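Morning, everyone. I have one structure to go through, and I will take the sheet before the aromatic rings.

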Amino acid sequence: MEKPYILHMFTPEKNLSPFDVNMALDAGWTSAIPYLHVEANEVRALVQDAIFSRSPKGLKRTGIFVGGRDAKLAVDMLRTAKQSMVPPFQVSVFADPSGAFTTAAAMVALVERELQAKFNTELKGKSVLALGGTGPVGQIAAVLAAKAGAQVKIVGRQLEKARNIASLVNSEFGGDETRIEGDADANKGELIKTADVVFATAAAGVQVLSAELVAAAPQLKVAADVNAVPPSGIAGLDAHHQGTPIPGSNSGAVGIGALAIGNIKYKTQSDLLARMRQADKPIYLSFDEAFALAREFAQKL
Ligand SMILES: NC(=O)c1ccc[n+]([C@@H]2O[C@H](COP(=O)([O-])OP(=O)(O)OC[C@H]3O[C@@H](n4cnc5c(N)ncnc54)[C@H](OP(=O)(O)O)[C@@H]3O)[C@@H](O)[C@H]2O)c1
């Protein structure tokens with residue numbers, strides 16, 4: 001009898017994301033087994049319990065997914081899981097907490113595409129605001145843009161929180177490559193005057209860029225909004241927009257809406273889940289791998 005494809009799905013939260021469960025089964029995993037309230041110091045034992053139950057050949061049909069809501073915790077768990085393998089007993093691991101790694105990857109890849117297609121330029125040297133950027137999606141979008149050479153500010157309602165998050169993402173995710181800063185929502189009126197790119201990454205249903213601020217952005221080129229719940233995160237931007245001119249922009253800025261981002265996010269997450277099943281050797285997937293793949297999908301549009 002052929003062994004089933006078993007995906008062990010770890011989350012520190014009280015439930016898995018139903019979205020991730022559907023994605024896993026649709027990508028060909030036979031079973032998606034939940035492990036809830038998982039703490040970082042429990043990952044090693046769980047991984048080693050999984051890897052010794054099958055032969056190294058059979059382990060190709062075994063994988064681990066790390067969910068939750070916390071980007072740093074997920075990256076820590078992915079690292080611990082990788083370090084807990086005992087070759088040749090080893091399995092693939094994919095972290096995508098809150099869908100943030102694949103969502104941020106899709107958004108930044110689409111922004112790059114529009115910068116190139118409409119403005120013949122790239123992220124390098126651009127001024128980027130991650131509005132509502134203190135959550136997992138904003139954090140990772142900020143890191144990916146900064147690694148591509150942009151000057152990035154994470155903007156939140158409280159200055160101190162935004163600065164702390166900026167410092168955390170630089171040290172945890174940016175290596176020596178990023179100099180992301182934190183700033184306060186109250187300063188948006190000033191910040192928008194020099195912004196080339198805006199990411200709207202606040203909680204669902206929160207508008208972070210008003211029509212007045214869109215009009216007051218003299219060098220805005222691309223604005224992307226991950227929020228699919230009305231009102232849109234950026235005034236005038238529709239969830240279907242994909243390089244569509246933003247009404248009221250005085251700089252000819254174009255918008256990318258949540259459904260356009262969701263399309264690339266879906267393809268990226270689905271493909272990474274499928275690659276885990278198909279890989280000859282174990283693979284370890286985080287936001288950098290998601291971004292590389294999202295760029296490929298964005299270029300094919
Ligand atoms: N399109 C897609 O495919 C897709 C996929 C996944 C997620 N999403 C969307 O991505 C967005 C970000 O997700 P996330 O998990 O990173 O978000 P999150 O952690 O829930 O929220 C991000 C930030 O929003 C700010 N915020 C919360 N409530 C607010 C309010 N009432 N007014 C103003 N700001 C508020 C908070 O920042 P401060 O406290 O620092 O201000 C928070 O850190 C969500 O809208 C989510 O629905 C989209």
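In what order do the five strands of the open sheet come? The order is β2-β1-β3-β4-β12, and the pairing is parallel. Please keep in mind that this is a predicted model. At the edges stand β2, residues 31-35, and β12, residues 284-285. Each of these has a single partner strand, so one side of each is left without a neighbour in the sheet.

Next, strand β1, which covers residues 6-10. Five bridges join β1 to β3, and the two run parallel. To place one position, I6 is opposite T62 in β3. Helix α1, residues 18-26, packs on this sheet and touches β1, β2 and β3. The direction of helix α1 makes about 165 degrees with that of β1.

Now the rings. A pair of aromatic rings is described by the distance of the centres and the angle of the planes. How many aromatic pairs does the structure hold? There are six aromatic pairs, and I will go through two.

One of them is F65 with F94, with 5.4 Å centre to centre and 85 degrees between the planes, an edge-to-face pair. F65 lies in strand β3, residues 62-66, and F94 in strand β4, residues 92-95, so this pair ties together parts that are 29 residues apart in sequence. Are these two rings buried or exposed? F65 has a relative accessibility of 1% and counts as buried. F94 is buried too, with a relative accessible area of 0%.

The other pair is F101 and F287. The ring centres of F101 and F287 are 5.3 Å apart and the planes are at 90 degrees, so this pair is edge-to-face. What does this pair tie together? F101 sits in helix α4, residues 100-119, and F287 in helix α10, residues 287-300, so the parts joined are 186 residues apart in sequence. F101 is buried at a relative accessible area of 0%, and F287 is buried at 5%. F101 and F287 also belong to a cluster: together with F173 they form one aromatic cluster.

The last item is a charge over a ring. Which residue lies over the face of Y5? That is R277, at 4.9 Å from the ring centre.

To recap, we have an open sheet of five strands with parallel pairing, helix α1 packed on the sheet, and six aromatic pairs. That is all I have.

How values were computed: Residues are numbered from 1 along each chain as its sequence is written. This is a predicted model: local features need pLDDT of at least 70, side-chain atom pairs count only at pLDDT 80 or more; totals for chains, interfaces and linings use all residues. Side-chain values use heavy atoms; hydrogens and water are left out. Rings of Phe, Tyr and Trp (its six-membered ring) pair if their centres lie within 6.5 Å; planes under 30 degrees apart count as stacked, over 60 as edge-to-face and the rest as tilted. Helices (H or I, at least four residues) and strands (E, at least two) are DSSP runs, numbered from the N terminus. Buried means under 20% relative accessible area, exposed over 50%, partly exposed in between (1.4 Å probe, protein chains only). A charge sits over a ring if NZ of Lys or CZ of Arg is within 6 Å of the ring centre and within 35 degrees of the ring normal. Two strands pair if DSSP finds at least two bridges between them. Contact means heavy atoms within 4.5 Å. Axes are lines fitted to C-alpha atoms, for helices over the stretch in contact, and angles run from 0 to 180 degrees between N-to-C directions.
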